[in-house]
Amino acid sequence: MAGSDLFVGTLDVLILKAVSWGPTHGYAIGRWIRQTTNDGLQVQEGALYPALHRLERKGLLEESWGVSETGREAKYYKLTPAGRRQLRAEAARWRQYADSVTLALDAAEK
Amino acid sequence: MKKLFRLSVGERGVRRDVSSEIGFHIEMRTRELVDAGVPPDEARSQAVATFGDVGAVEAACRDERRKHVRERAWREELDSVVHDIRFAVRTLGRSPGFTATVLLTLALGIGANSAIFSMVNGVLLRRLPYANADRIVIVQHPVASLGIEDAGFSPPEVSDFAQARSIDAIAEYHSMSFDLLGHGDPRRVQTGVVSADFFQVLGVKPLLGRAFTVGEDQDGAAPVLILSYRFWVNELGADSSIVGKTFTMNDRQHVVVGVLPPLPSYPDQNDVFMPISSCPFRARPFMKTTRTARMVSMVARARPGTPAATVGRDMAAIESRSHAAYPDAYKGLSDAAITATPLRSAMTESARPAFLLLLAVAGLVLLIACANVTHLTLARHLRRQRELAIRAALGAGRGRLLRQLITESLLLSLGGAALGLLVARTGIGAMSSLAARFTARASDIVLDWHVVLFTLGVAVVTGLVFGIIPAFVDSTDLVSRLRDGSATSSGAKLRLRSALVVGEVALAFVVLVSAGLTLRNLAKLINTNPGYDPQNVVTAHVDLNWTKYKNSPAVRQFASELMAGLEASNGVRSVAIASAFPASSSSPQNRNPFEVRGQLVADTLRRPKAEVTYISPDYFRTIGAELRGGRSFTESDRDTAAAVAIISESAAKRYFAAGDAVGRQITFDNGKRWLTVIGVVGDVRQFGPTADVAEQLYLPFAIFTVRDVRLLARTNVTPAVATNLIRQTVRAIDPEQPVVDIQTLEQARRNSMASPRLTTVLLGLFAVVALAIAAAGLGGVMAYSVGQRTQEFGIRMALGAERSSILRLVLGQGIRLAIVGLLIGGLASRALAHAIEKQLYGIRGTDPLTYAGVAILFVSVAALACLVPARRATAVDPVSAFKAS
């Protein structure tokens, strides 16, 4: 995985966020992550899929098959209630973590 | 966007889904690149490149996917089991009558088995707490002609047997009682006297301290003591600092070196153990060299893999070499044998047949319970036909329905088992105290996890049996039921249920007959004329300390003071001292060959034999035995030169012509001393009612004085008061003299019947349960049959049939079923008669009175059980019967 380090669990929380507005297929999830982070995280696209399957197995995502905007059959993911709870918890945890680190880095010299 | 659920479960589906998903990604990416102006052929390879290793990603996805499928299948399975259980609980809750009946029936059926299994497990199956248990053999020296089970061995003989090649170790043992002083009151302790390696041979590691060490059993070794667990806990409050403390025994200081773990009371219930060098009797110098000084037992450890029989043969060969080498030492022992018994058999042999019989009968009770629950379930299914049919119509497959039914029955059987364990738990205390009288392992009768596991196994099998049989019968006509929704093939089902009931009655008959036989047997034992009057006599064991009462005059002095003191007490009618009393032991203790003057027999084996008891003059008056001729002993019968004897009636008949015994002379020592027979006394059951009448000789205690005596007192007062009198009188004469084993003559007699008593009590309980279940089954079938024939009865009554004839019709049908069952049960009982006969003393296994009694009882109970449904049949209203159809 090139680029800046992806903190453990970061990809999971981004995926959960990406599908939080409704059923989304893998490609759209990847595109959303790329665009919203300005390619800052540089997730290798392939790494997304095992993560999606893992989240599905854990019961955080639910799959459904539908026809995409291009007319091709595609696999869609959506949040389960457990997934939504997980997203909320992870987001809060992430923010608190980021705030703490930011505070420390911005601290004035002693 | 059309949603469709598809979690593909097959491997092919998994592959297809994953590659389609990733293919879609590549395609979308390519398209995006093309839209951004990349040439199409370049766009695709760029899309693949940004994706990464397609193959690796697909493989990772497939792995996740497969895991997902597996986990999901498990969850679904679990969910459906939980659902089945919830549903079963709800359905069973809706028919509380059925549920309660089944639970009760199973609790009794399974509980009986758990209880008996806990006995079998504790006594027969549990590992013995000896590391070398499987290799330990008990070597004995029976002499058939003397009726002696073990003549014992002398130390020189033990040394001979130690050479046997089939063993790798041998230890000697005997047990005596001594006074133990120090740490509280003086105590009379039963003492195991052993060679130093005794505990190593058995494979016992002391709980505290150490075992005896090499040399501690040699002359001059410092006296040491090892305490039994029971003695240490009960008498010394489990004092953890006991090792190193001292006790005085036989006027010597003994240091405690160890405490044993809990062990079975085998061969005796010893309080403490000491090495042979500390035993004042065993340590006498002549013991080392005198081949006839047979006072010890032998325990040998067979070489690994060597059966006990081989050890026996080996030792018998050594024995016959000794017979040839030392003929003088084996006079009168020419028919002595050597037996080697594995430790486990030696400890459990006496209990085994009774326990196995009980286990078998408990199994029958469970079968009866099973049959009854099966047909209760059948009846219930009939009531649920519509429900089951609807569920089948709604798409529940046959397998699914079957699983639901089996879930219900398993739930019931497990519930029954839990209640059954409670039943067993309540019974275990009583059982182990009864069993304690005939097996050393009674304290091992506990509800441990073996018993729980056994119960669980029984419950599962039971649940499957009564779950599957009715379900199988039902599923055959599930389809026809669907078609018309009415009760179908009820005729076939009635036949099946009738067969079940006949089976129940037959099995219950077998159970009742076995209970009846043991009951009659016990009654016969109780009613056996014992030849003495066991009422109002208290006995006590007074074993005088040999260091204090060194010679016979001292013992006689103590005895006469004791008797005089008691006789002077209020409420005491007569007092005696004797070396034994009726039922004080269950086998000969002192059987001796003798000769009659004028009828000398050279071969000791062919001489007349009798059990010899030493008694004070009032012995017969005290126990209530009747003099048949001549006179009893008096105070003046103390002249050693003109010794006298009294003979029992059966011995007099056997060895003398009628009425000829009195005045004749006998000798025990080849004529060195002659004793004149002065009286004949009626036979008493010396070894309890289960043993045959023994030929007996009584000799005066005043001449033949022993230290280990029994005191007997016939009183007008309660046993508790008499016990106090005895204790007080002994204390007044010698405050250091312990008095043990105080019991009434009646208690001793009852104790000698402990085994038949336990069997009778348990079989009696089983019989009650079996009868109740079978009667309930019969009543149930009749009720069902009456329900089926309501219409028929209505027609009959409309055509003018009397109510009494309907009553007779139904009763007749029920009793016919019962009689078929009785006939089958009778044949089965006859076939099994020999198995139970081993437990019977006075009656045969085919005792007609028992069979007839049980049959009459059964027919009456069957009639009663059918009366309720029969009365309902007579109450049928013809009009409504027609309307209902």
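Q: Contact means heavy atoms within 4.5 Å. Leaving out residues up to four places away in sequence, which residues does Arg62(B) touch?
A: This is a predicted model, where local features need pLDDT of at least 70 and side-chain atom pairs count only at pLDDT 80 or more, while totals for chains, interfaces and linings use all residues. Residues are numbered from 1 along each chain as its sequence is written, chains are lettered from A and ligands numbered from 1 in the order in which they are written, and side-chain values use heavy atoms, with hydrogens and water left out. Arg62(B) belongs to helix α3 (residues 54–94) of chain B; helices (H or I, at least four residues) and strands (E, at least two) are DSSP runs, numbered from the N terminus. Its contacts beyond those sequence neighbours are Val14(B), Arg15(B) and Val18(B).

Q: Is Arg62(B) buried or exposed?
A: Buried means under 20% relative accessible area and exposed means over 50%, with partly exposed in between (1.4 Å probe, protein chains only). Arg62(B) has a relative accessible area of 14%, so it's buried.

Q: How far apart are the C-alpha atoms of Asp17(B) and Arg62(B)?
A: Asp17(B) is part of helix α1 (residues 11–35) of chain B, and it's buried at a relative accessible area of 3%. Along the chain, 45 residues separate Asp17(B) from Arg62(B), yet the distance between their C-alpha atoms is 9.1 Å.

Q: How far apart in space, C-alpha to C-alpha, are Gln46(B) and Ala56(B)?
A: Gln46(B) sits in helix α2 (residues 40–51) of chain B and is partly exposed at 34% relative accessible area. Not counting residues up to four places away in sequence, Gln46(B) touches Leu33(B) and Val38(B). Ala56(B) is 10 residues from Gln46(B) in sequence, and the gap in space is 18 Å.

Q: In what order do the elements of chain A run from the N terminus on?
A: Chain A has 4 helices and 3 strands to arrange. Its C-alpha trace spans about 60 × 30 × 20 Å along the principal axes. Reading from the N terminus on, the order is α-β-α-α-β-β-α.

Q: What share of chain A's contacts between residues at least 6 apart in sequence join residues at least 24 apart?
A: Chain A has 110 residues, and 43% of them count as buried. For those contacts, the share joining residues at least 24 apart is 52%.

Q: How far apart are the mean positions of the positive and negative charges of chain A?
A: Lys and Arg count as positive and Asp and Glu as negative, while His and the chain ends are not counted. Each charge is placed at NZ of Lys, CZ of Arg, CG of Asp or CD of Glu. With 15 positive and 13 negative charges in chain A, the two mean positions are separated by 6 Å.

Q: Which helix gives the most to the largest nonpolar core?
A: A nonpolar core is a set of buried Ala, Val, Leu, Ile, Met, Phe, Trp, Tyr and Cys residues joined through side-chain atoms within 4.5 Å. The largest one holds 74 residues, and those touching the most other members include Ile116(B), Phe355(B) and Leu758(B). Helices that each supply at least two residues include α4 (96–125), α10 (352–383) and α21 (754–788) of chain B. With 16 residues, the one that gives the most is α21(B).

Q: On which side of α7(B) do its buried residues sit, the same or opposite ones?
A: The buried residues of helix α7 (residues 229–236) of chain B are Phe231(B), Trp232(B) and Leu236(B). They cover an arc of only 100° around the axis, so they sit on the same side.

Q: What is the phi of Ala238(B)?
A: Most residues other than glycine have a negative phi. Ala238(B) is in the loop between α7 and β6 (246–249) of chain B and is partly exposed at 31% relative accessibility. Its phi is positive even though the residue isn't glycine, with a value near 50°.

Q: And what is the phi of Ala583(B)?
A: Ala583(B) lies in the loop between β12 (572–578) and β13 (591–593) of chain B. It's buried, with 10% relative accessible area. Its phi, a positive value in a residue other than glycine, is near 70°.

Q: What is omega for the peptide bond from Tyr266(B) to Pro267(B)?
A: Most peptide bonds are trans. Pro267(B) is placed in the loop between β7 (252–259) and β8 (272–275) of chain B. The bond from Tyr266(B) to Pro267(B) is cis, with omega near -5°.

Key: Arc of directions from axis to C-beta.
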